[in-house]
Amino acid sequence: MGPFHLSVKGMLAFLPLMLLAFAKLVSTNNDYSSSSDSSQIQKNVFLLAGQSNMSGRGGVINGTWDGIIIPLDQSQLKTPIILRLSVAKTWVEAKDPLHKDIDVKNTCGVGPGMAFANGVMKKDPSFGVIGLVPCAIGGTKISEWVRGTNLYNQLVRRAEAALQGGGGTIRALLWYQGESDTIDYQHAKLYKMRLERFFTNLRADLQLPALPIIQVALASGQGPYIDVVRKAQLSVDLPNVKTVDAYGLPLEPDSLHLSTSAQAQLGQMLADTFLQSAPPFPVLVQSSACTIFHHFVLDSLLRPFR
């Protein structure tokens, strides 16, 4: 029995121990609940942008939020973790109102973000940690989101901050805006051109040319040109842009903002659309320890054949 045979036999005997150690290392590396630094946790990042219905006015009556939140069914989740990027660009536990420290000039209530995240995790408990990045500001026109404006720059900066430390991947932009552009016909007429340019520029500046975008077609408006803006939204023809239609969902007494129950419905609609159209999940980047161990195992197994 030659030395080559003994080497291979010895390595095969040692293989289960190496695999066990490797599995333990990977498990530890992906233990979201025990990590003390949430910036290092691998997150599925979603950008939330637009105006008041994305920011959330569910439950807001006469400038006061009723405090009623959407009940989240976490029964199927082993480690239900939904995070929010705060105004200080730190990750904190997500809860409504998601935009309370972003859309500070308005009273924020329930938006679609939490219902969306819960809908994704409920249908796919193995999806992983979700990181929501609130960026919506009430009362804003599409012209205030063009490249170079304060809102656009803030969106890009917050998106970049969400990825600091290699802690995640931007999975999609959720966009709900346009009510303010229904007031003036010229704004409504230019809406499609401005919207498509916004989507294209954002993808370029984030260096994500295929970034999935899910936009919401208006349920309401502030002016008489709702149909013009809705037609523009429904006719957007860009790759990886999906449209969820909010028309007909229940509104608050102001006839402009979605109610809390409507936001729950919209969040689920957004989750369903994302899961149906999302590309395969990217392979998470391994830590340096995992990479080194992987190379060690591979080198050990192949050494007798070199």
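In this predicted model, the buried residues of helix 6 are Tyr191, Arg194, Leu195, Glu196, Phe198, Phe199, Asn201, Leu202 and Arg203. These residues pack against helix 4 (150–162), strand 7, helix 5 (185–189), strand 8, helix 7 (226–234) and strand 9 (241–245). The points below cover helix 6, the sheet, strand 7, the nonpolar core and two individual residues.

**Helix 6**

- Helix 6 spans residues 191–205, a run of 15 residues.
- From its first C-alpha to its last, helix 6 reaches 21 Å, close to the 21 Å expected at 1.5 Å a residue.
- Glutamine 207, just after helix 6, adopts a positive phi of about 60°.

**The sheet and the helices packed on it**

- An open sheet is formed by 7 strands in the order 5-4-6-1-7-8-9, with mixed pairing.
- Strand 5 and strand 9 stand at the edges; each has a single partner strand, so one side of each lacks a neighbour in the sheet.
- On average, and with direction ignored, neighbouring strands of this sheet are turned by 30° against each other.
- Helix 4 packs on the sheet, where it touches strand 1, strand 4 (82–85), strand 5, strand 6 (129–134) and strand 7.
- The direction of helix 4 makes about 170° with that of strand 1.
- Helix 7 also packs on the sheet, in touch with strand 8 and strand 9, and its direction makes about 155° with that of strand 8.

**Strand 7**

- Strand 7 covers residues 168–176, and 8 of its 9 residues are buried, so the strand is largely enclosed by the rest of the structure.
- With strand 1 (residues 43–50), strand 7 pairs in the parallel sense over 8 bridges.
- Within this part of the sheet, valine 45 has isoleucine 170 of strand 7 as its bridge partner.
- Strand 7 also runs parallel to strand 8 (residues 213–217), to which 3 bridges join it.
- Leucine 173 stands opposite isoleucine 213 in strand 8.

**The nonpolar core**

- The largest nonpolar core holds 69 residues; those touching the most other members are Leu47, Ile130, Leu132, Leu173, Trp175, Tyr176 and Phe198.
- Helix 4 gives the most to this core, contributing 7 residues.
- In soluble globular proteins, nonpolar side chains tend to be buried together.
- Tryptophan 175, one of the core residues named above, has contacts beyond four places in sequence that include Ala49, Gly50, Met54, Ile142 and Trp145.
- Further contacts of tryptophan 175 include the helix 6 residues Tyr191, Leu195, Phe198 and Phe199, together with Ile214, Gln215 and Val216.

**Glutamate 93 and serine 86**

- Glutamate 93 lies in strand 5 (residues 91–93).
- Glutamate 93 counts as exposed because its relative accessibility is 63%, above the 50% cut-off.
- Residues up to four places away in sequence aside, glutamate 93 touches Ile82, Leu83 and Arg84.
- The C-alpha atom of glutamate 93 is separated by 7.8 Å from that of isoleucine 81, although the two residues are 12 residues apart along the chain.
- Serine 86 is placed in the loop between strand 4 and strand 5.
- With a relative accessible area of 8%, serine 86 is buried, as this value falls under the 20% limit.
- Leaving aside neighbours within four places in sequence, serine 86 is in contact with Val92, Asp101 and Arg158.

How values were computed: Residues are numbered from 1 along each chain as its sequence is written. This is a predicted model: local features need pLDDT of at least 70, side-chain atom pairs count only at pLDDT 80 or more; totals for chains, interfaces and linings use all residues. Side-chain values use heavy atoms; hydrogens and water are left out. Buried means under 20% relative accessible area, exposed over 50%, partly exposed in between (1.4 Å probe, protein chains only). Helices (H or I, at least four residues) and strands (E, at least two) are DSSP runs, numbered from the N terminus. Two strands pair if DSSP finds at least two bridges between them. The expected span of a helix is 1.5 Å times one less than its number of residues. Contact means heavy atoms within 4.5 Å. A nonpolar core is a set of buried Ala, Val, Leu, Ile, Met, Phe, Trp, Tyr and Cys residues joined through side-chain atoms within 4.5 Å. Axes are lines fitted to C-alpha atoms, for helices over the stretch in contact, and angles run from 0 to 180 degrees between N-to-C directions.
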